[in-house]
Amino acid sequence: MVSVDPVDSVLPVPSAQEAAGALVVGVDSGGSGLRVALAEAASGTLLETVSSREPVRTGPGGISAAHFLEQVLPAVTALRERSGARPVVAAAVGAAGMATLGDELRAELPRAFEEAWGVRRLALAADAVTAYAGALGQRPGAVVAGGTGLIALGTDLTAWRRADGWGHLLGDCGSGAWIGRAGLEAAMRAHDGRRGGSRPLLTRAEKLFGPAAGLPGLLYPRTDRPAVLASFAPEVGRCAATDPVAAGILARAGAHIAEAAEAACPAEPGAPVALTGGLFKMGEPLLAPFRSALGELLPGARTVEAAGDPLAGAVTLASALATGTLRLPEDPSLLRLFGAGAA
């Protein structure tokens, strides 16, 4: 059996003949479930995807490799059978928590994928990296991924620059959890009769969660507290057109997001900045203050539409591995490469 270990330098360049007619696998694993894609190795053209609503479990060793493989291996087997059982020459996995909880995945996935498919090239990435690759491909720039949490990631193709993504207690400023918490604080201020309160937000909070006085008892014991906070963010967005308190919350959120983009963006004139994630479905009430703040902080930056999502980014990484065209930089916690011929 060929040894599969982390590479310390560039992976062996595959031949064009090896990539022609072969397949790659991309995986996006997050808090809401897992998605698997099969694509053409040479072009990255997507063939088929499958998804599971069951998130991969975490345990004492971090993200569970066994539970991950229980879902991914049968899914890829079924996808390959429908595509003619062609060889898989590369795979890429993007996972939430990979940077801090991915030790078990890094230890077990390379050999498991080699034994299952004979795959010789593998990328294991933080979900922020696959979000970047999906949004901007392999060009310099910055991507802000926003949902319950928020992280900005940028690169000049020599190193990564990260900003925020530190969780709802220490950061994630401008995220869904941040907006929801600020909205609920404004609701509680209105309940108390303090300055800075919002009656419309109080009404919406009590409609969703019940009497305001019971909210601490409902919220504090929850282990999914960030998600509960983020569930109130859309209500802040709906109130923003007529409620100055809600509009002010979104203005501050937009400024926080711009600050993260500024910190992550490489110092190159005209560097693109893309937004990806469900947070930005809130639309202009959030995007307008973001663009205004970004224009002041990074006058030369260009805001661009995200070309694809994190699953598309995983496929981009896998296809680049298969064709020897990977340009995004390796990083011990953000993007680890594994391949045949490594020392």
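Start by selecting helix 12, residues 284-297. In this predicted model, helix 12 lies across strand 12 and strand 13, and its direction runs at about 155° to strand 12. Keep those two strands on screen, as they lead to the next stop.

**The sheet**

Now show five strands together: 11, 10, 9, 12 and 13, in that order across an open sheet with mixed pairing. What stands at the edges? Strand 11 (160-164) and strand 13 (302-304) do. Each has a single partner strand, so one side of each is left without a neighbour in the sheet. Turn the view and look at the twist: neighbouring strands are turned by 20° against each other on average, direction ignored.

Next, colour strand 9 (residues 141-146) and strand 12 (residues 272-276). They pair in the parallel sense over four bridges. To find one such spot, click Ala142, whose bridge partner in strand 12 is Val273.

Then add strand 10. With strand 9 the pairing is antiparallel, over six bridges. Follow the chain from one to the other and you'll trace a hairpin, with three residues between the two strands. For a landmark here, pick Gly141 and look opposite for Thr155 in strand 10.

Is strand 9 enclosed or open? Five of its six residues are buried, so strand 9 is largely enclosed by the rest of the structure. While you have strands on screen, here's a handy rule: in a regular strand the side chains alternate between the two faces of the sheet.

**Helix 5**

Select residues 127-136 to bring up helix 5. Helix 5 packs on the sheet and touches strands 9, 10, 11, 12 and 13. Its direction makes about 120° with that of strand 9.

How many of the 10 residues of helix 5 are buried? Nine of them are, so this helix is largely enclosed by the rest of the structure. The buried residues include Ala128, Val129, Tyr132 and Leu136. Step just past the end of the helix and you reach Gly137, which has a positive phi, near 75°.

Keep walking along the chain and stop at Arg139, in the loop between helix 5 and strand 9. Buried or exposed? Arg139 counts as partly exposed, because its relative accessibility is 34%. Show its surroundings and you'll find that Arg139 touches Tyr132, Leu157, Pro272, Arg302 and Val304, leaving aside residues up to four places away in sequence. For a sense of distance, draw a line from the C-alpha of Arg139 to that of Gly193: 54 residues apart in sequence, 51 Å apart in space.

**Rings to look at**

Time for side chains. The model has three aromatic pairs, and we'll visit two of these. Select Tyr132 and Trp160, an edge-to-face pair with 5.3 Å centre to centre and 85° between the planes. Tyr132 sits in helix 5 and Trp160 in strand 11, so to speak two distant parts of the chain linked across 28 residues. Both Tyr132 and Trp160 are buried. For the other pair, select Phe209 and Phe232. Their ring centres are 6.3 Å apart and their planes stand at 45°, so this pair is tilted. Phe209 belongs to helix 7 (residues 199-209), while Phe232 is in the loop between helix 9 (225-230) and helix 10 (233-239), 23 residues apart. Check their surroundings too: Phe209 is partly exposed, with a relative accessible area of 21%, whereas Phe232 is buried, at 0%.

One more ring: zoom in on Trp166 and look for Arg162. The charged end of Arg162 sits over the ring of Trp166, 3.8 Å from its centre.

**A stop at helix 2**

Jump to helix 2 (residues 65-82) and click Thr77. Thr77 is partly exposed, with a relative accessible area of 39%. Now find Trp117: the two are 40 residues apart in sequence but 8.9 Å apart in space, C-alpha to C-alpha.

**Colour by confidence**

Finish by colouring the chain by pLDDT. The average is 89, and 93% of the residues score at least 70. Which elements have the lowest and the highest mean pLDDT? Strand 1 (residues 4-6) is lowest with 41, and helix 11 (residues 244-264) is highest with 97. Zoom in on residues 1-11 as a last stop: pLDDT stays under 50 there, and the model has 31 contacts beyond four places in sequence for this stretch.

Technical notes: Residues are numbered from 1 along each chain as its sequence is written. This is a predicted model: local features need pLDDT of at least 70, side-chain atom pairs count only at pLDDT 80 or more; totals for chains, interfaces and linings use all residues. Side-chain values use heavy atoms; hydrogens and water are left out. Two strands pair if DSSP finds at least two bridges between them. Axes are lines fitted to C-alpha atoms, for helices over the stretch in contact, and angles run from 0 to 180 degrees between N-to-C directions. Contact means heavy atoms within 4.5 Å. pLDDT is the predictor's confidence in each residue, from 0 to 100. Rings of Phe, Tyr and Trp (its six-membered ring) pair if their centres lie within 6.5 Å; planes under 30 degrees apart count as stacked, over 60 as edge-to-face and the rest as tilted. Buried means under 20% relative accessible area, exposed over 50%, partly exposed in between (1.4 Å probe, protein chains only). A charge sits over a ring if NZ of Lys or CZ of Arg is within 6 Å of the ring centre and within 35 degrees of the ring normal.
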